[in-house]
Amino acid sequence: MTTASVTGPRDAAGVRAGLTADFAGTLHLLRLCLRRDRVVLPLWTVIIGVLMPITYAGSIESVYPTPTDLAKFAAATAASPAQIAMYGPIFNPSPGAVAIWKAGALYTVIAVAVILTVIRHTRAEEESGRAELIESTAVGRYSGLTAAIVVAAGASIVTGTAFAVVLRMFDLPLAGSIGYGAALAASGLVFTGVAAVAAQLTTSARTARGVALGALGVFFALRAVGDAGSGTLSWWSPQGWSLQLRPFAEERWWVLLLHVAATAASTAAAYVLLRRRDVGGGLIAERPGGETAGPALAGPVGLAWRMHRGTLLAWTVALLLYGMLFGSAAHGLGNQLGDSRTINDFLARLGGNATVEDVFVAFALTMLGIAASAYAISAALRLHYEEAAQRGEPVIAGAVGRVRWALSHLLFAVLGPAVAIVVAGVAVGVTYGASVGDISDKLPATVAGALVQLPAIWIAAGVAVALFGLLPRLAPAAWAVYVAFILIFTVGSLAGLPAWVLDLEPFGHLPKLPGGAFDPAPIVWESVIAAALVTVGLIGFRRRDLR
C-alpha cells in the first residue's frame, strides 16, 4: 500500500514530464514554419479569404438584380445534376446563397492548400533528413507535427474569418456570413488531420501527398454523387458537411460537430501513428526492387517514365472527370444565366458572338489548361527535387550528360500535359455533344479548344526550367508565378489592373475555342517564348555547379 501510494504520484509526474519533453521546442519550430511559408501562406490565405469573396459577392447585384432573376438562376441550377455535382445545391434563391454557390468549390481548394502545407513541414522534412537533424537536439518527437498542424489550422481559421468579414461587408446576413466562414475553416481543419495521418504512412513526401489528395478525391466524388443523386452519400464527405451547414438558408450549426469530431479523431490518430514508427520511416513498408533492372530502365527516359507514370495517370484521370462534368454542365446554361446586360457584355468579351454554351466550354477548357499547367510545373520541378535529393548526380556521373538527363524529365513536362488536356477535351466534347445531340460537331471543336491551351501550359513549365537552371534555390518559386497567372486571369480585370499586367498572363491571349475566331499569332509567339525559357534553363543548368 505504501509503495503504491509513493510510486503513483511519481509515475504521474513522469508521464507529465514525458509529454512536456515530447512537445519541447514546438514554438521554435512554429516560428521556423511561418518563416519558410512567409510568402506562400499569406498568398493562399488572401486569395481564398479575400479575393474570392469579393469576386463572388461583388457581382451578384449586377448580374442578378431582381428576386426574379435569382429565382430563375436557382431553378435552372436545380435542374442541372452536373452543376450540382460540381458545386453543390442552392438551398434558396437569396443573394447570399447564390453568391456562395460556386464558392462551394473552395471547400476543396482550402483542403489542397492545407494538405500541401502539412506534408511540406512533416514528411518532406523527414525525407530530406532535416527533421532527424533537428530532433537530435532538444526538440520533442511531437514538435514538428504540432507546429505543422498549428500553421495549417491557424491559416484555415484566418481564411474562414476573412471570408466571413468580406461577405458581411457586402451587406449579406451576418449569420450566413459566419456560417460560410465557419464551414470553410472547418473543411481546412478536417483535411489538416487527414494530411497529418498521410504523413505518417509512407517514407516519401510525394506518396504522402498522393495519399492525402487521393482521399480528398474520394470525398469529393462522394459529395458530388450524393448531391446529384439522393444526397445520402454527401454525408460521408467533409465537403458535404460544409455544404449541409447551409449558410444563408437556415443554418445548421450542429453540422460543425461532425467537423470537430473528424478533426479530433484524425489528429489523434496522427500522433498515435507517429509514436509507433521510426524517424524517417513510414508505417507502410516500401516494396523491395528487383535484383536487376529491366530493359525499360536502360536509359534516362525509361527511368523518368518510371518516376512520372503514376502522376501522369492521376492527372489524366482527374482532368478526364472534370472534363465530363464541364461538358455535362454546358447544355442549358443560357437558362441559368439569364439575359441581363452584364451577362451579355461579359460573354461578348469572352467569345464575341458565340453562344452561351460555347463560351462556357471555352472558359472551361481554359480552366482545364490552367490545371494542366500545375502538372507541367510539377513534372519540370522533378529535376530540382532529384538534384536536391542527390539522386540526379549518380545518373549524370555515368554516360548520361546533363542536358540528356534534363530532357528525359522535360519530355513528360511537355508531352504529359498534352496527353492530359487532349483527354479532357475529348471528355468535354463527348459529354457536351451528347447533351445537345451533335457529337460530330462539338468533339473536334472542343479538342481544338484544348490544344490551343498548350503554349500557355508550356510557358508555365518553361518558367520552372529557367529558374531551375539559373536560380536553382528559387526553383519552387515557379508555383508563385503560377498563382500570379491564376490571379491575373480570374480577378485581374475585376480589380482594374493595368493592361500591361493583364498581358503578363499567357492564357488570356489564346483563341477562345469553340465559338471564337482562330488566330495563330498568339500560339506561335507563346510557343517561341516557352522554347526560349526552356533553352535558357538548360544552358544555365549545363554551366552551373550541382547543388
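In the predicted model, helices α11 and α15 run roughly antiparallel to each other, because the angle between them, about 160°, lies over the cut-off of 145 degrees. Helix α11 covers residues 143-169 and helix α15 residues 256-275, and their axes are 11 Å apart. The crossing of this pair is right-handed. On the α11 side, the contact involves L145, T146 and I149, which meet T267, A270, Y271 and L274 of α15. By class, five of these residues are nonpolar and two are polar, with no charged residue in the contact of α11 with α15.

Helices α24 (residues 454-470) and α27 (residues 520-543) pack at an angle of about 20°, and their axes lie 7 Å apart. The two helices are therefore roughly parallel to each other, and the crossing of α24 and α27 is left-handed. Helix α24 contributes P455, A456, W458, I459, G462, V463, V465, A466, F468, G469 and L470 to the contact, while α27 contributes I523, E526, S527, I529, A530, L533, V534, V536, G537, L538, G540 and F541. The contact of α24 with α27 comprises 17 nonpolar, five polar and one charged residues.

Helix α16 spans residues 300-330 and contains a total of 31 residues. At 1.5 Å a residue, a span of 45 Å is expected for α16, and the distance of 43 Å between its end C-alpha atoms agrees with this value. Helix α16 also has a kink of about 45°, centred on H308.

Technical notes: Residues numbered from 1 in each chain as written. Predicted model: local features only at pLDDT ≥ 70, side-chain atom pairs only at ≥ 80, totals over all residues. Heavy atoms only, no water. Axes fitted to C-alpha atoms, helices over the stretch in contact; angles between N-to-C directions. Helix = DSSP H or I, 4+ residues; strand = E, 2+ residues; numbered from the N terminus. Left-handed = near helix turned anticlockwise from the far one by under 90°. Contact = heavy atoms within 4.5 Å. Nonpolar A, V, L, I, M, F, W, Y, C, P; charged D, E, K, R; others polar. Expected span 1.5 Å × (residues − 1). Bend = angle between axes of the 7 residues up to and from the residue. Parallel < 35°, antiparallel > 145°, perpendicular 65-115°, else oblique.
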